[in-house]
2 protein chains.
Amino acid sequence: MEEELLGSPAPILRPVRHGNAFEETIERLLQNIKLGLFGVGTKLPAERELAEMLGVSRATLRDALAELQKAGYVEVQRGRYGGTYVCSRPPAGSGSYPELDPAEVDDVLTFRGVLEPAAASLAARATLSPAQRGHLLRALAEVASAPANLYRPKDARFHVAIAEVAGSPSLALAVADVRSKVSDLLDRIPLIQPNLEHSNRQHQEIVDAILRGDDEAAFKAAQDHLQGTASLLHGFLGHSQPEVSPQSTAPQR
Amino acid sequence: MEEELLGSPAPILRPVRHGNAFEETIERLLQNIKLGLFGVGTKLPAERELAEMLGVSRATLRDALAELQKAGYVEVQRGRYGGTYVCSRPPAGSGSYPELDPAEVDDVLTFRGVLEPAAASLAARATLSPAQRGHLLRALAEVASAPANLYRPKDARFHVAIAEVAGSPSLALAVADVRSKVSDLLDRIPLIQPNLEHSNRQHQEIVDAILRGDDEAAFKAAQDHLQGTASLLHGFLGHSQPEVSPQSTAPQR
DNA sequence: AGCTTATGGTCTTATTTCATACCAATACCC
DNA sequence: GGGTATTGGTATGAAATAAGACCATAAGCT
């Protein structure tokens, strides 16, 4: 509607850098915290290591950490065996949330609907090492036993774990990315906790299918599971979007 | 094998910035040229615009352009109606190609096998505007009529075009990205031109399926099409990888 | 011919980011 | 209790990048 300067839809001229390194480092750290990669109460890697991991100078990293500290996401302790710790209570009212953008919601949900079922299917097809099995089961157990206020990070971590064992690093990255966007969207709407049990049952189904190598069932189970989030977000948009058809990315027959 | 420090497979700590802005700008421009986004002989946007599009200062952009010019990818003309033009003959022997990394090949092909069929399926399910139809058909025609030495960019452009009309910008970005990696891989092996006709027939099939709204057929056709590239690359790796099963990411029924 | 104008070419300055070295604290170890 | 090693805290100079002004060129226009 707003823009149809097609002919050359120019999608790929995305910026080389998004903002400055400082802001992007904050973003990245926050993303990892929200994704549950850094569990609550755990210690982040030492500044020198973390800076190298993020490909950023220690000065820049420290600026970012200072910001996170000021916002109450992490606490810092000096001296040997000190470090930066993830606060257990993420700051509640983090200010005014931006509105949900319908186009963005659609985009994220669509992309997720492509990636995650495929990841589950690939994971089922792959022969998993014992370590990978353990990783998956651990993530499953953690989300199942998570208290309500920590559910989302654990949930995110679980979904990323599936992609991690799917065997394609690129896919895992993409899933982590889109999942983090989903978390962002969910953070903008009040936390109604409709049916964690249902969700956990679906998680179990996905893992079961993966472990018994049933790629078809894993694909389907993942797809079903995403429906919940999709409905929730679409519901909040008011306009009752046509729900994703049950076979969104897969051919029927 | 080499690394199993699992327990926390730490996939998501990717660097915030990859190298410096200068190198990344070169990379991005080269990618767009190879993807055929800037057709041969066409004029790039003016430096001031291009710099803004890429989110980079004009100085940095100019450094990058100078490098591309030195390497023979573009030519520059001053004065009004001047500009930076894409050379028709990309420099041939661009030096020693790095070896094909089997893990990378697998990763890219797997990820592509997830994205592109899904994109085709989504495109078929979407109701395309006349402009989008035109865009798709134009891309199809261009690749079909491309001379051998320009086949790959046009081919890449076509595949990206499918993703563009699929309705998810994120998906389009991801496809462009992975397709660019495929091009990189293909550039490292001698150009045997086995069966352009076959490839073009498959392109036609995909578009037909999309235009008549048959998502199932579109998915399948795209999947079949990717098999060719996969076999080619796997063949060059020597070890006859188990080929992607025909129903790689989709359940049957 | 001369003017206009959009473009690449050059220069200067401010800001960001990096790299490095060094200081300060503090829990463990002997 | 004192040593030690690891960690966050601080400072400084170099390099990269950005932002902006201005010059040079050359095609079109009058």
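In this predicted model, DNA strand D is surrounded by 25 residues, of which the closest are Arg58(A), Arg62(A), Ala21(B), Thr60(B) and Gly79(B). Among the atoms of DNA strand D that lie within 4 Å of the protein, 64% belong to sugar or phosphate, the remainder being base atoms. Backbone and bases are both represented in the polar contacts of this strand: the side chain of Thr60(B) places an N or O atom 2.6 Å from a phosphate oxygen, while the side chain of Arg78(A) has an N or O atom 3.1 Å from a base nitrogen, and that of Arg78(B) has one 3.3 Å from a base nitrogen. Two or more residues each are given to the surface near DNA strand D by helix H2 (47-53), H3, E1 and E2 of chain A, and by helix H1 (21-34) and H3 of chain B. Sorted by class, this surface holds ten charged, ten polar and five nonpolar residues.

Around DNA strand C there are likewise 25 residues, and those that come nearest are Asn20(A), Ala21(A), Thr60(A), Arg58(B) and Arg62(B). Of the atoms of DNA strand C that come within 4 Å of the protein, sugar and phosphate account for 66%. A polar side-chain atom of Thr60(A) is placed 2.5 Å from a phosphate oxygen of this strand, and one of Arg80(B) is found 3.0 Å from a sugar or linking oxygen, whereas Arg78(A) directs a polar side-chain atom to a position 3.3 Å from a base nitrogen. The elements contributing two or more residues to the surface near DNA strand C are, in chain A, helix H1 (21-34) and helix H3 (58-70), and, in chain B, helix H2 (47-53), helix H3 (58-70), strand E1 (74-77) and strand E2 (83-86). The class composition of this surface is five nonpolar, ten polar and ten charged residues. Arg78(A) thus has a side-chain polar contact with a base nitrogen of DNA strand C and with a base nitrogen of DNA strand D.

The loop between strand E1 (74-77) and strand E2 (83-86) of chain A contains Tyr81(A), whose phi is near 65°, a positive value in a residue other than glycine. Most residues other than glycine have a negative phi. With a relative accessibility of 65%, above the 50% cut-off, Tyr81(A) is classed as exposed. In chain B, Tyr81(B) is placed in the loop between E1 and E2, its phi is also near 65° and positive, and, because its relative accessibility is 65%, this residue too counts as exposed.

Away from the DNA strands, attention turns to helix H4 and the nonpolar cores. Helix H4 (residues 102-125) of chain A has 24 residues, which at 1.5 Å a residue should span 34 Å, and the distance of 35 Å between its end C-alpha atoms agrees with this expectation. Because 18 of these 24 residues are buried, H4(A) is largely enclosed by the rest of the structure. The N-terminal end of H4(A) is capped by Asp101(A), a side-chain oxygen of which lies 3.1 Å from the backbone nitrogen of Ala103(A).

The largest nonpolar core comprises 88 residues, and the members touching the most others are Leu115(A), Ile210(A), Leu115(B), Ile162(B) and Ile210(B). When residues up to four places away in sequence are left aside, Leu115(B) touches Phe111(A), Val114(A) and Leu115(A) in chain A, as well as Leu171(B), Ala174(B), Val175(B) and Val178(B) in chain B. A second core, separate from this one, has 21 residues, including Ile26(A), Ala64(A), Leu68(A) and Val74(A).

Technical notes
Residues numbered from 1 in each chain as written. Chains lettered and ligands numbered in written order. Predicted model: local features only at pLDDT ≥ 70, side-chain atom pairs only at ≥ 80, totals over all residues. Heavy atoms only, no water. Near = heavy atom within 4 Å. Polar contact = N/O pair within 3.5 Å; in protein donor to acceptor, adjacent residues only side chain to side chain. Helix = DSSP H or I, 4+ residues; strand = E, 2+ residues; numbered from the N terminus. Nonpolar A, V, L, I, M, F, W, Y, C, P; charged D, E, K, R; others polar. Expected span 1.5 Å × (residues − 1). Buried < 20%, exposed > 50% of the residue type's maximum accessible area, 1.4 Å probe, protein only. Core = buried A, V, L, I, M, F, W, Y, C linked by side-chain atoms within 4.5 Å. Contact = heavy atoms within 4.5 Å.
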